[in-house]
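Okay, thanks for coming, everyone. I'd like to walk you through a structure that's probably new to you, so let's get it up on the screen.

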Amino acid sequence: MLEGFINTHDNFIYVRAMPHIYMSLNIACYNIGDYEKSIKYIKKAILLFNYFEDEYYAGRCHLNYINSLRYSGNLDKALEIVNRCKNKYKKYNKLYLSFFIQEMILYFNIGNYNKVMEISNEIEAHQLSEMSEHNYEFMIGHIKYLHNDFNGAYGLFKKCEKYFLTQYYYRDLLLLYDDLYNMTKDISYKAKQNEIMNKNGRKNIVMVQQ
């Protein structure tokens, strides 16, 4: 619908609505897996927000841009954008910290857990937004599990489990329940894993089942 609208209304008078329309198109294309288009639209949104000198929204768009790059397989470009944004958006604290979480997510997906832990040491978790805090807990929880710190991993997983369920982050939950089962041998975690195995959830951290 939005593509049809922008293709047939080239004299659209409410020009300030256009970056928001491009953001919506980015999200829609991202969710259906058309990452080439999602990147095209978010770059247009960033360009317009910068034109209108809306620095904060331009920064938010960069989070979407990084996710689209990540799922398109362009991790090097995503890391380049992360590093640039960490310098540019320092005055917006929660937004600034979100770029650290994005950096952790990128390294988490390529299995560079030492780098994830190194970045985590630069973050005060209590300053994070709700989403960023739970993503932080999940990643650190998995790494603690891999290092046999089962008590630490269990506590962090239980903190983010409910939030991930409400957000339909099933791919992340499959890994979380697998770790919990391996730690506790509690078959209820296998049952939870089987329950969501074939459900279509939302993209978040885990790109492929680990």
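Before I show you the empty space in here, let me say what I mean by a pocket: it's an open set of grid points where the probe fits, with protein on both sides within 12 Å along at least five of seven lines. And please keep in mind that this is a predicted model.

So, how much space lies in the largest pocket? About 780 Å³. The lining is made up of 26 residues, and the ones nearest the centre are L63, N64, N67, Q102 and M131. If you want to find that on the screen, look for helices α2, at 18–31, α4, at 55–72, α6, and α8, at 130–146, since those are the elements that each give two or more residues to the lining. Which of them gives the most? That's α4, with seven residues. As for the chemistry, I'd call the lining mixed: ten residues are nonpolar, eleven are polar and five are charged.

There's a second largest pocket as well, with about 220 Å³ of space. Twelve residues line that one, and closest to its centre you'll find R171, K199, N200, G201 and R202. Here the top contributor is helix α10, residues 170–184, which gives three residues to the lining. By class, the split is four nonpolar, four polar and four charged.

Now from the gaps to the packed part. In soluble globular proteins, nonpolar side chains tend to be buried together. In this model, the largest nonpolar core has 66 residues, and M104, F108 and F138 are the members that touch the most others. Helix α6, residues 93–109, supplies the largest share of that core, eleven residues. You've met α6 already, by the way: it was on the list for the lining of the largest pocket.

Let me stay inside for a moment and show you N26, in helix α2. Is N26 buried or exposed? It counts as buried because its relative accessible area is 2%, and the cut-off is under 20%. Leaving out neighbours within four places in sequence, N26 is in contact with S38, Y41, I42, N64 and S68. One of those, N64, was also among the residues nearest the centre of the largest pocket.

Someone always asks about disulfides, so how many are there? Zero. Take C29: its sulfur is 14 Å from the closest cysteine sulfur, the one in C61, and that's too far for a bond. C29 is buried, by the way, at 6% relative accessibility. Another cysteine, C160, is buried too, at 0%.

Next, a couple of spots where parts of the chain that are well separated in sequence come together. The first example is Q127, in the loop between α7, at 113–120, and α8. Q127 is 30 residues from L97 along the chain, yet their C-alpha atoms are separated by 8.1 Å. Beyond its neighbours within four places in sequence, Q127 is in contact with N93, K94 and L97. With a relative accessible area of 27%, Q127 is partly exposed.

The other example is K88, in helix α5, residues 75–88. K88 and E55 are 33 residues apart in sequence, and C-alpha to C-alpha they're 9.6 Å apart in space. Again leaving aside neighbours within four places, K88 is in contact with N50 and E55. This lysine is partly exposed as well, at 42%.

Last topic: backbone angles. Most residues other than glycine have a negative phi. Two loop residues here go the other way. One is N148, in the loop between α8 and α9, at 150–166. Phi of N148 is near 65 degrees, and at 58% relative accessibility the residue is exposed. The other is Y168, in the loop between α9 and α10. Y168 isn't a glycine either, and has a positive phi of about 60 degrees. At 45% relative accessibility, Y168 is partly exposed.

So if you take three things away from this, I'd pick the pocket of about 780 Å³, the nonpolar core of 66 residues, and those positive phi values at N148 and Y168. Okay, that's me done, thanks for listening.

How values were computed. Residues are numbered from 1 along each chain as its sequence is written. This is a predicted model: local features need pLDDT of at least 70, side-chain atom pairs count only at pLDDT 80 or more; totals for chains, interfaces and linings use all residues. Side-chain values use heavy atoms; hydrogens and water are left out. A nonpolar core is a set of buried Ala, Val, Leu, Ile, Met, Phe, Trp, Tyr and Cys residues joined through side-chain atoms within 4.5 Å. Buried means under 20% relative accessible area, exposed over 50%, partly exposed in between (1.4 Å probe, protein chains only). Helices (H or I, at least four residues) and strands (E, at least two) are DSSP runs, numbered from the N terminus. On a 1 Å grid over the protein atoms alone, a cavity is a set of points where a 1.4 Å probe fits but cannot get out, and a pocket is an open set with protein on both sides within 12 Å along at least five of seven lines; lining residues have an atom within 4 Å of a point. Grid points are joined across faces, edges and corners, and a volume is the space filled by probe spheres set on the points. Ala, Val, Leu, Ile, Met, Phe, Trp, Tyr, Cys and Pro count as nonpolar, Asp, Glu, Lys and Arg as charged, and the others, Gly among them, as polar. A disulfide is a pair of cysteine sulfur atoms within 2.5 Å. Contact means heavy atoms within 4.5 Å.
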